[in-house]
Amino acid sequence: MTQNTAEKTPVTLLGLGAMGTALARTWLAAGHPLTVWNRTPARAAALATEGARIAESAAAAVAANPLIIVCLLDDASVEEVLAGTDLAGRDLVNLTTSTPAQARARAEWARQRGARYLDGGIMAVPPMIGVPEAGGYVFYSGSPELFERHRETLAVPAGTTYVGEDASFAALHDVALLSAMYGMFAGAAHAFALIRKEDIDPAALAPLLADWLVAMAPAVHQTADQLRSGDYTKGVVSTLAMQVAGTPTFLNTAEQQGVSPELLTPYFELMRRRLAEGSGEEDLTGVIDLLVR
């Protein structure tokens, strides 16, 4: 350990998968006294040589320190692991991936057991943890006082972004960003499929594709501005009517290249539905309203 542990907030960490282990090592390297527990004790052995205290049970780990970090497989695992522990007076930070509804319910569950609660959504993969230049960060939501109390400690593994007092907001932000990521991956998959049978090097297309996606990314700011104002025609460059008129080119190209259009057709269908409502001068923003039930 590189710093005086007496000056650092003690941390208990439950869960030592790839992410949990990465988190543990950053707190140890920063000089935080660390107590760890894992269902499979062997995973904790290496951390013991790095200075971690290994608890024999989850209950013992929770009893060791006021600040409890949970990084387990899923929400059901959190319930199971913490079922036999005394959380009264503890600060519980849940970094387990969950749905917004699960996060909100878990916050109430923690409150009923006398714990203060923060939910977290990790926007990073394990190799990014403890590497500031990698750009990883964690969304946090729940008690603002609790976040401020532990902000410095929570910022050791990755950057922190507080998104609101509603405990569900971290999970919601997490899934929102990852959903957009998968949409991007879907578009990229279709693009590569189009050239798959041609004498075009995928490695040559890749930088062109990456640069194009980067150039298009700022469009999200216009979408947000239109949603906020309610004026979907504000700042439109390419109208919905114009873009719908162009969709046959994409579908015909896919057919000619022997590529399934299944990644494109759902979005194109939403565009056509919005146009049918008489909103041809809008941007694509109106599609969002069709998705909200």
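Salt bridges are a good place to start in this predicted model, which holds 13 of them. Side chains of opposite charge can pair when their charged atoms come close. One of these pairs is formed by the side chains of E79 and R106, whose nitrogen and oxygen atoms meet at 3.0 Å. The pair links distant parts of the chain, since E79 belongs to helix 4 and R106 to helix 5 (residues 100-112), 27 residues apart. The two partners can also be described by their accessibility: E79 counts as partly exposed, with a relative accessibility of 38%, whereas R106 is buried, with a relative accessible area of 4%. The pair also belongs to a network of salt bridges, in which D75, E79 and R106 are linked.

A second salt bridge joins the side chains of D91 and R149, again with a distance of 3.0 Å from N to O. Here too distant parts of the chain are linked, for D91 lies in strand 5 and R149 in helix 6 (residues 144-154), 58 residues apart. In this pair the acidic partner D91 is buried, because its relative accessibility is 3% and the limit for buried is under 20%, while R149, at 47%, counts as partly exposed.

How far apart are the closest N and O atoms of E148 and R151? They are 2.5 Å apart, and the two residues form a salt bridge. Both E148 and R151 lie in helix 6, three residues apart, which is about one turn of the helix. Both ends of this bridge are partly exposed, with a relative accessible area of 48% for E148 and a relative accessibility of 36% for R151.

What, then, surrounds a buried arginine that has no salt bridge, as R90 does? R90 is placed in the loop between helix 4 (75-82) and strand 5 (91-94), and the nearest side chain of opposite charge, that of D86, is 6.7 Å away. That distance does not meet the limit for a salt bridge, because the nitrogen and the carboxyl oxygen must lie within 4 Å of each other. The side chain of R90 does, however, have backbone oxygens around it: a polar atom of this side chain lies 2.8 Å from the backbone oxygen of V62, and the side chain also reaches the backbone oxygen of N65 at 3.0 Å.

From these contacts we can turn to the empty spaces in the model. Rolling a probe the size of a water molecule over the atoms shows where empty space is left. The largest pocket has a volume of about 2200 Å³ and is lined by 42 residues, among which G183, L213, M216, Y267 and L284 lie nearest its centre. Several helices give two or more residues to this lining, including helix 8 (202-216), helix 10 (240-256) and helix 11 (265-276), but helix 7 gives the most, with eleven residues. Sorted by class, the lining has 27 nonpolar, 14 polar and one charged residues.

The second largest pocket holds about 400 Å³ of space, and of the 21 residues that line it, G15, G17, C71, L72 and L73 lie nearest its centre. The elements that give two or more residues to this lining are helix 1 (18-29) and helix 7, with the largest share, three residues, coming from helix 1. By class, the lining of the second largest pocket has ten nonpolar, eight polar and three charged residues.

Methods. Residues are numbered from 1 along each chain as its sequence is written. This is a predicted model: local features need pLDDT of at least 70, side-chain atom pairs count only at pLDDT 80 or more; totals for chains, interfaces and linings use all residues. Side-chain values use heavy atoms; hydrogens and water are left out. On a 1 Å grid over the protein atoms alone, a cavity is a set of points where a 1.4 Å probe fits but cannot get out, and a pocket is an open set with protein on both sides within 12 Å along at least five of seven lines; lining residues have an atom within 4 Å of a point. Grid points are joined across faces, edges and corners, and a volume is the space filled by probe spheres set on the points. Helices (H or I, at least four residues) and strands (E, at least two) are DSSP runs, numbered from the N terminus. Ala, Val, Leu, Ile, Met, Phe, Trp, Tyr, Cys and Pro count as nonpolar, Asp, Glu, Lys and Arg as charged, and the others, Gly among them, as polar. Buried means under 20% relative accessible area, exposed over 50%, partly exposed in between (1.4 Å probe, protein chains only). Lys and Arg count as positive and Asp and Glu as negative; His and the chain ends are not counted. A polar contact is a pair of N or O atoms within 3.5 Å; within protein, one must be able to donate a hydrogen and the other to accept it, and residues adjacent in sequence count only if both atoms are side-chain atoms.
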